[in-house]
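Biologist: I'm new to this one, so please pick a single part and go through it slowly. After that, follow the trail to the rest of the chain.

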Amino acid sequence: MSYIEGALVKDEQVLHEGHISLWSMWHLIFFGVLLTPVAVGLVLLGMAYVRYKSTELAVTTKRVIVKHGFIRRSTVEINLNKVESIQVEQGLLGRVFGFGTLIISGTGTAHAPLAGISEPMGFRRAFIEAQEQHSA
């Protein structure tokens with residue numbers, strides 16, 4: 001069971017799930033494959049795998065949920081009506097390969113950037129649609 005599935009409350013449904021883009025971890029994967037014969041490569045590939053599997057993002061009917069970390073877990077859960085903005089930052093590689101950084105700002109506080117998110121514009125669009133449905 002994922003963290004998001006376990007965190008859902010009564011009558012809450014997941015509208016959109018996000019994840020880390022493999023393109024954002026190209027350096028770990030490339031050097032991991034290249035250095036596999038030296039065993040350092042397995043460590044790099046393991047790091048990429050853990051990062052990919054341990055990061056969860058979702059827009060639900062009630063809130064935005066973000067969880068990352070494997071041993072040390074860090075979560076952010078903000079009610080839809082408390083989110084002021086979701087900013088998207090994309091560099092050249094991010095635009096070409098479809099990944100970027102999401103910055104979720106709640107009322108009065110800005111949260112740490114979530115780098116390497118796959119299809120960040122789709123996540124932002126799903127959030128805006130959920131926020132409009134929630135306020136209606």
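Modeller: One bit of vocabulary before anything else: buried means under 20% relative accessible area, exposed means over 50%, and partly exposed is whatever falls in between (1.4 Å probe, protein chains only). Keep in mind that this is a predicted model, with local features needing pLDDT of at least 70 and side-chain atom pairs pLDDT 80 or more, while totals for chains, interfaces and linings use all residues. Numbering runs from 1 along each chain as its sequence is written, and side-chain values use heavy atoms, with hydrogens and water left out.

The part I'd zoom in on is helix α3, residues 40-53 (helices are DSSP runs of H or I, at least four residues, strands are runs of E, at least two, both numbered from the N terminus). It has 14 residues, and from its first C-alpha to its last it reaches 20 Å. That is close to the 20 Å expected at 1.5 Å a residue (the rise times one less than the number of residues).

Now look at which way the residues of α3 face. Gly41, Leu44 and Ala48 are buried. These three are on the same side of α3, because they cover an arc of only 65° around the axis (taken from the directions from the axis to the C-beta atoms). The general rule is that an α-helix has 3.6 residues a turn, so residues three or four places apart point the same way. Flip to the other side of α3 and you find Leu42, Val43, Tyr49 and Lys53, which are exposed. So what do the buried residues of α3 pack against? Their partner is α2 (contact is heavy atoms within 4.5 Å).

While you're on this helix, click on Gly46, which also belongs to α3. Gly46 has a relative accessible area of 29%, so it counts as partly exposed. Its C-alpha is 9.2 Å from that of Ile29, although the two are 17 residues apart in sequence.

A pair with a wider gap in sequence is Ser2 and Ser54: 52 residues separate them along the chain, yet their C-alpha atoms are 9.3 Å apart. Ser2 is in the segment before α1. With 24% relative accessibility, Ser2 goes down as partly exposed.

From here, let's follow the charged side chains. A salt bridge is a side-chain nitrogen of Lys or Arg within 4 Å of a carboxyl oxygen of Asp or Glu, and that rule gives 3 of them here.

Begin with Glu12 and Arg63, whose side chains meet with N and O 2.8 Å apart. This bridge ties together distant parts of the chain, 51 residues apart: Glu12 is in the loop between α1 (3-7) and β1 (14-18), and Arg63 is in strand β3 (residues 63-68). Both ends, Glu12 and Arg63, are buried.

Next come Glu56 and Lys67, with an N to O distance of 3.9 Å. They too link distant parts, 11 residues apart, with Glu56 in strand β2 (residues 56-60) and Lys67 in strand β3. Glu56 is buried because its relative accessible area is 12%, and Lys67 is buried at 9%.

Then go back to Arg63, which also bridges to Glu77, where the closest N and O atoms are 2.4 Å apart. That pair connects strand β3, home of Arg63, with strand β4 (residues 74-79), home of Glu77, across 14 residues. The two ends are covered to unlike degrees: Arg63 is at 10% relative accessibility, so it is buried, whereas Glu77, at 33%, is partly exposed. Put the pieces together and you get a network of salt bridges linking Glu12, Arg63 and Glu77.

Two backbone oddities round off the tour. Asp11 has a phi near 65°, a positive value in a residue other than glycine. Asp11 is in the loop between α1 and β1, and it is exposed because its relative accessible area is 64%. Glu119 is also not a glycine, and its phi is positive too, at about 50°. You'll find Glu119 in the loop between β8 (114-118) and α5 (120-135). At 51% relative accessibility, Glu119 counts as exposed.
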